[in-house]
Amino acid sequence: MKKILPALCVGLYTAALWAQGGNVNVYKLGGFKFYALNNNTGAVPENMIASKVPFEKTPGWNDHALNYFVLDTGKIKILFDTGTSTADGGKVIERLKEAGIKPKDINIICLTHMHRDHIGGMLDDKGKKVFPHARVMVALEEAQYFEKSGNAQAAAFLKAYEDNITKFPQNAEITDGVTSVPMFGHTPGQTGYMIESDGEKVFVVGDLLHFYGQFNNPDLYLSYDADPAAATQLRKTILGRAAKEGFYIAGMHIVKPGVGKVVETDVKGSYTFIPGIQ
Ligand SMILES: [Zn+2]
């Protein structure tokens, strides 16, 4: 496994568990501190949702959220995605402030993919960098795809952070305790990040799920997945693994607090979400 950034020693945290609620939730994860920051909540329009199998619309089935996460290892702070731009309702600077974190103190940004609701917070209203000191990690396949896509927002982001970006190969160790995992399907280079400290694990899964009903019925998918079949298969595999192996998952569109456990129901292949890190 190739290590991308130099080893950084891990400080010990004895932070208390904050109560869940509001837009900022902080958890202890082994020797790390994990912040779940919620930008906003809402519902995915039904006409954007598809399925190859019949399904039942239970209350709250299309509820979703927009989240980003911060890992504080005690030595460095790593931000996972940045939400939308301020013009598009993005609140990443506000939420970091509520968590007591300054944008200039973010050392690494791990992007799951380059859609507008993930890279929008990278630039301010004037097109300037919000995170001047951050090393920005993007999977090689994702960067290459968006470089050729003609997407203006992606181009502006890539240009502004030209000197900060590291395009990494699959399964790279980003830094101590954080490893990238290819999750191609929703976009050609979507990447998850497995975080581990003292045997406790959170898997940051990007857009593996877009709304609540996908826990119960992983066959439901969003009409703009680049490869719906691959995205659906990946959702089934990772939910199954999370339930079996017991790691937490953190998703950019999972309902508040955006991080929690996955438990299989009495119906095989159907899951529920237990919010929070215990
Ligand atoms: Zn998204």
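**A hairpin, an open sheet and a one-faced helix**

Strand 15 and strand 16 are antiparallel partners, joined over 5 bridges. The model described here is predicted. Within this pair, valine 262 lies opposite phenylalanine 273 of strand 16. The two strands make a hairpin, with 6 residues between them. Glycine 269 sits in the turn and has a positive phi of about 85°.

The approach to strand 15 holds a cis peptide bond. This bond runs from lysine 256 to proline 257, and its omega is near 0°. Proline 257 belongs to the loop between strand 14 and strand 15.

Both hairpin strands also meet helix 6. The buried residues of helix 6 pack against strand 15 (259-264) and strand 16 (271-275). Other elements in contact with these residues are strand 12 (200-204), helix 5 (213-216), strand 13 (221-222) and strand 14 (248-250). Helix 6 covers residues 228-245. With 18 residues at 1.5 Å a residue, a span of 26 Å is expected; the end C-alpha atoms are 25 Å apart, which agrees. The buried residues of this helix are Ala231, Leu234, Arg235, Ile238, Leu239 and Ala242. Seen down the helix axis, the buried residues fall within an arc of 125°, so they line one face of helix 6. On the other side, Ala229 and Lys244 are exposed. Just after the helix comes glycine 246, with a positive phi of about 85°.

Another part of the model is an open sheet. Its 7 strands follow the order 1-2-4-5-6-7-8, and their pairing is mixed. Strand 1 (24-29) and strand 8 (165-168) stand at the edges. Each has a single partner strand, so one side of each is left without a neighbour in the sheet. On average, neighbouring strands are turned by 25° against each other, direction ignored. Strands of a sheet pair through backbone hydrogen bonds, in either a parallel or an antiparallel sense. Strand 1 and strand 2 (residues 32-43) take the antiparallel sense, over 6 bridges. Here tyrosine 27 has phenylalanine 34 of strand 2 as its bridge partner. Helix 3 (residues 140-149) packs on the sheet, where it touches strand 7 (135-139) and strand 8. The direction of helix 3 makes about 85° with that of strand 7.

Phenylalanine 34 also appears in the largest nonpolar core. This core has 74 residues, of which Phe34, Phe69, Ile109 and Cys110 touch the most other members. Strand 4 (residues 63-72) gives the most to the core, with 6 residues. Isoleucine 109 touches Leu79, Thr82, Phe131, Ala134, Val136 and Met137, leaving aside residues up to four places away in sequence.

Two aspartates have positive phi values. Aspartate 81 has a phi of about 65°, although it is not a glycine. Aspartate 81 lies in the loop between strand 5 (77-80) and helix 1 (92-98). This residue has 28 C-beta neighbours inside 10 Å and therefore counts as buried, since 20 or more are required. For aspartate 198, phi is near 50°, again a positive value in a residue other than glycine. Aspartate 198 is placed in the loop between strand 11 (191-197) and strand 12. With 13 other C-beta atoms within 10 Å, aspartate 198 is partly exposed.

Methods. Residues are numbered from 1 along each chain as its sequence is written. This is a predicted model: local features need pLDDT of at least 70, side-chain atom pairs count only at pLDDT 80 or more; totals for chains, interfaces and linings use all residues. Helices (H or I, at least four residues) and strands (E, at least two) are DSSP runs, numbered from the N terminus. The expected span of a helix is 1.5 Å times one less than its number of residues. A residue is buried if 20 or more other C-beta atoms lie within 10 Å of its own, exposed if 12 or fewer, and partly exposed in between; C-beta atoms are placed from the backbone. The arc is that of the directions from the helix axis to the C-beta atoms. Two residues are in contact if their C-beta atoms, placed from the backbone, lie within 7 Å. Two strands pair if DSSP finds at least two bridges between them. Axes are lines fitted to C-alpha atoms, for helices over the stretch in contact, and angles run from 0 to 180 degrees between N-to-C directions. A nonpolar core is a set of buried Ala, Val, Leu, Ile, Met, Phe, Trp, Tyr and Cys residues joined through C-beta atoms within 7 Å.
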